Each structure stands twice: as C-alpha cells, then as structure tokens.
Amino acid sequence: MIKPFLVATLFSLGFALFEAAILSNLLFLPVMPDFLLLCTLYFSVQNGTLFGTANGFMSGVFLDFLSASPFGLHCLLRTVLGYVGGRFHKTLNIGGVLLPMLLGLVATLLKALAIWLISLFFPLGIQTYHLISARFAAELVCNAVLAPVTFRFLDMFARFTAVDMESVA
C-alpha cells in the first residue's frame, strides 16, 4: 500500500504545482480548474476511504503551502472529500463519461459548501464562493468537463496507483 500511495502523492504534487505555477498565471481563464480535487476524487473512488483520506490530506498540505489560505484549511477540506469519495469505492464504475462528470460537479459543490461551513467559524480569514454567480458556475462546468479527461489520464497509471486489497488484508 506504500508504493501506490507514494505514486498517488507524486501525482498530487504534480497537479498542485501545475495549478499553482501554470494555471494560476493564465489570465485568459475565467476560473482555475481544480485538477487536484479531481485527482483526489479519482484515487479515493478507486482505492477506498483510507487511501482517499490520506491522499486528500497530502494534497491539502501541498495546497496549503502553495496558497495564501489559512494553513490547514485545504488539509481539512481535502481529507473530508477524500473520505466521502472513498465511500463509493467498488460501487461506482467511473469508466464512462457521464458519471465522472457528475462526480466532478458534486465534488465541486461539496467543496464550496464545506468552505462556506468552515467560514462560519472563521468569518474573516476564509474567502468563500458565491454559489449563485457566473464564476462559480464556470468552475462547476470546468471541473465537470475535465473530470472524465483527468480520470482517463490517471487510468493510464492505474497499475501503479491501485491498491491490491489481498496484500492489505
């Protein structure tokens, strides 16, 4: 289980650096797609709650170091989303197009709602989404459209990131 986790962590680091170094500097994008959220979602649905929470935590650490948000916000958020995604392990077939799109849409909505909920406890330190705005709708559509593409890309490396359940037991 260590080797798949390390490979998944390297993918998360790569996506975090891609978002922070390249996508955040492209001015023509109306919103920045959350590839790291989709990556965490893929790994949690493929490998279960333990893998999803651990990968979500590590991707949150990377985002916390690369962003100006309060430290620990993304760790908490991604850990919870990794757990929720892992609850659907072995119940969803993410091989198509429609289901990954739906998962990307729902995960983005859950992320926005979780950030809003956390901001109730820390009103001055957290920037929330305006749920009824063109910007949030653009991020929803962007993540939903890019989810199947991201899942297909990560499927190419599934033999390196899949947990062999017989060796865990």
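**Group meeting talk: the core and its aromatic rings**

Hi everyone, let's begin in the middle: the largest nonpolar core in this predicted model has 29 residues, and F43 and L154 are those with the most contacts inside it. Six helices give two or more residues to this core: α1 (2–22), α2 (35–47), α3 (49–66), α4 (73–86), α5 (98–121) and α6 (134–155). The one that gives the most is α2, with eight residues.

So let's look at F43. Which residues does F43 touch, once we set aside residues up to four places away in sequence? The list is A8, F11, G48, F51, N55, L154 and T161. You'll notice L154 there, the other residue named for having the most contacts inside the core.

Now to the rings. How many aromatic pairs does a search of the whole structure find? It finds 13. I'd like to show you two of them.

One is F15 with F153, an edge-to-face pair with 6.3 Å centre to centre and 85° between the planes. Why is this pair worth pointing at? F15 lies in helix α1 and F153 in helix α6, so the pair ties together parts that are 138 residues apart in sequence. The partners also sit in different accessibility classes: F15 is buried, because its relative accessible area of 11% is under the 20% limit, whereas F153, at 34%, counts as partly exposed.

The other is F18 with F35, and here the geometry is tilted, with 5.9 Å centre to centre and 55° between the planes. This pair links distant parts of the chain too, with F18 in helix α1 and F35 in helix α2, 17 residues apart. F18 counts as partly exposed at 31% relative accessibility, and F35 is buried at 11%.

If you'd like to colour something on your own screens, try the cluster that the ring pairs link up: F5, F11, F15, F18, F35, Y42, F43, F51, F151, F153 and F157. Our friend F43 is in that cluster, as are the four rings F15, F18, F35 and F153.

Next, a residue that sits against those rings. T150 is placed in helix α6 and counts as buried, at 3% relative accessibility. Leaving aside neighbours within four places in sequence, T150 is in contact with F15, F35 and L38.

That L38 brings us to helix packing, since L38 is also part of the meeting between α2 and α5. How do the axes of α2 and α5 cross? They come within 10 Å, at roughly 115°. The range for roughly perpendicular is 65 to 115 degrees, and α2 and α5 are therefore roughly perpendicular to each other. For those of you who care about handedness, the crossing of α2 and α5 is right-handed. On the α2 side we have L37, L38 and L41, and these meet L103, G104, A107, T108 and K111 in α5.

Let me finish in α5, with a proline. P100 is found in that helix. Is P100 buried or exposed? P100 is buried, with a relative accessible area of 0%. Its C-alpha atom is separated by 5.5 Å from that of A147, although the two residues are 47 apart along the chain. Not counting residues up to four places away in sequence, P100 touches I94, A147, P148 and F151. And F151 takes us back to the ring cluster, where it is one of the members.

Thanks for listening, and I'm happy to take questions!

Terms used: Residues are numbered from 1 along each chain as its sequence is written. This is a predicted model: local features need pLDDT of at least 70, side-chain atom pairs count only at pLDDT 80 or more; totals for chains, interfaces and linings use all residues. Side-chain values use heavy atoms; hydrogens and water are left out. A nonpolar core is a set of buried Ala, Val, Leu, Ile, Met, Phe, Trp, Tyr and Cys residues joined through side-chain atoms within 4.5 Å. Buried means under 20% relative accessible area, exposed over 50%, partly exposed in between (1.4 Å probe, protein chains only). Helices (H or I, at least four residues) and strands (E, at least two) are DSSP runs, numbered from the N terminus. Contact means heavy atoms within 4.5 Å. Rings of Phe, Tyr and Trp (its six-membered ring) pair if their centres lie within 6.5 Å; planes under 30 degrees apart count as stacked, over 60 as edge-to-face and the rest as tilted. Axes are lines fitted to C-alpha atoms, for helices over the stretch in contact, and angles run from 0 to 180 degrees between N-to-C directions. Angles under 35 degrees count as roughly parallel, over 145 as roughly antiparallel, 65 to 115 as roughly perpendicular and the rest as oblique. A crossing is left-handed if the near helix is turned anticlockwise from the far one by less than a right angle, and right-handed if clockwise.
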